[in-house]
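Me: Please take a close look at a single strand of this model and describe how that strand is placed among its neighbours. I would like one connected account rather than a list.

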Amino acid sequence: CTLIGTFHLGLTMWNYHTLANAVTMAAQMASVRGRGCTEDGNTCSIRVGDIAERIAREATGVPAGGMEVTLTSASGATRVCRPLSSCFSDATVWPPSAANDNAPGSTVTVTARYRVPFPLVFFWPGAESAPGGTYTLAASSTQRIVF
């Protein structure tokens, strides 16, 4: 039981680290794709689907089907991907141009949650009434739009 608990703690810490890194990378990606990428014929803007795919690629070991991601603009506009995989084909440009949310100096926030199952439930005597459940790992990153 101690060995399983130690292994699970290590795995959970690795999941949290990769989740936090993925959220930071996605927020940084969105912060350099503001208004300057949508004006004067520029085509470097990104979609919600691009951000979702980046998070999935960066969060090694965290299944996209078990993750919930929320994108929040400076004005409070949100886009929720529940689960993350549901946004892979979302073609909405992010950050949005409404309320100048894509203007340099505005912020963009990426928040992710991943529910981790409690592992000892499988080894508890009397499986019918085993205590169990999940706990949630959460990570968030806020970046200022550069251009």
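Reply: Thr70 stands opposite Val80 in β3, and this pair belongs to the antiparallel arrangement of β2 and β3, which are joined by four bridges. The coordinates come from a predicted model, and what follows should be read with that in mind. β2 and β3 form a hairpin with four residues between them, and in its turn Gly76 has a positive phi of about 100°. β2 is also paired with β5, again in an antiparallel sense, and here seven bridges join the two strands. In this pairing Glu68 is the residue that stands opposite Arg113 of β5.

With regard to burial, β2 is largely enclosed by the rest of the structure, because five of its seven residues are buried. As general background, side chains in a regular strand alternate between the two faces of the sheet.

Met67, which lies at the start of the range 67-73 given for β2, offers a view of the surroundings of the strand. Leaving out residues up to four places away in sequence, Met67 touches Leu19, Ile55, Ala59, Val62, Cys81, Pro83, Leu84, Arg113 and Tyr114. Met67 and Val69 are also among the residues with the most contacts inside the largest nonpolar core, a set of 29 residues in which Ile51, Ile55, Leu84 and Val110 are likewise listed for their contacts. Two or more residues of this core come from each of α1, α2, β2, β5 and β6, and α1 gives the most, with seven residues.

The helix α2 meets β2 as part of its cover: the elements that cover the buried residues of α2 include β2 and β3, together with α1, β1, β4 and β5. Those buried residues of α2, which spans residues 48-58, are Val48, Gly49, Ile51, Ala52, Arg54 and Ile55.

Turning to β6, another contributor to the core, one finds Ser141 within that strand. Ser141 counts as buried because its relative accessible area is 7%, under the 20% cut-off. Apart from neighbours within four places in sequence, Ser141 is in contact with Val23, Thr24, Ala27, Val108, Thr109 and Val110, and its side chain is joined to that of Gln143 by a polar contact of 3.3 Å. Thr24, one of these contacts, is found in helix α1 and is partly exposed, with a relative accessible area of 27%. Finally, the C-alpha atoms of Thr24 and Glu58 are separated by 9.8 Å, although the two residues are 34 residues apart along the chain.

Notes:
Residues are numbered from 1 along each chain as its sequence is written. This is a predicted model: local features need pLDDT of at least 70, side-chain atom pairs count only at pLDDT 80 or more; totals for chains, interfaces and linings use all residues. Side-chain values use heavy atoms; hydrogens and water are left out. Buried means under 20% relative accessible area, exposed over 50%, partly exposed in between (1.4 Å probe, protein chains only). Contact means heavy atoms within 4.5 Å. A nonpolar core is a set of buried Ala, Val, Leu, Ile, Met, Phe, Trp, Tyr and Cys residues joined through side-chain atoms within 4.5 Å. A polar contact is a pair of N or O atoms within 3.5 Å; within protein, one must be able to donate a hydrogen and the other to accept it, and residues adjacent in sequence count only if both atoms are side-chain atoms. Two strands pair if DSSP finds at least two bridges between them.
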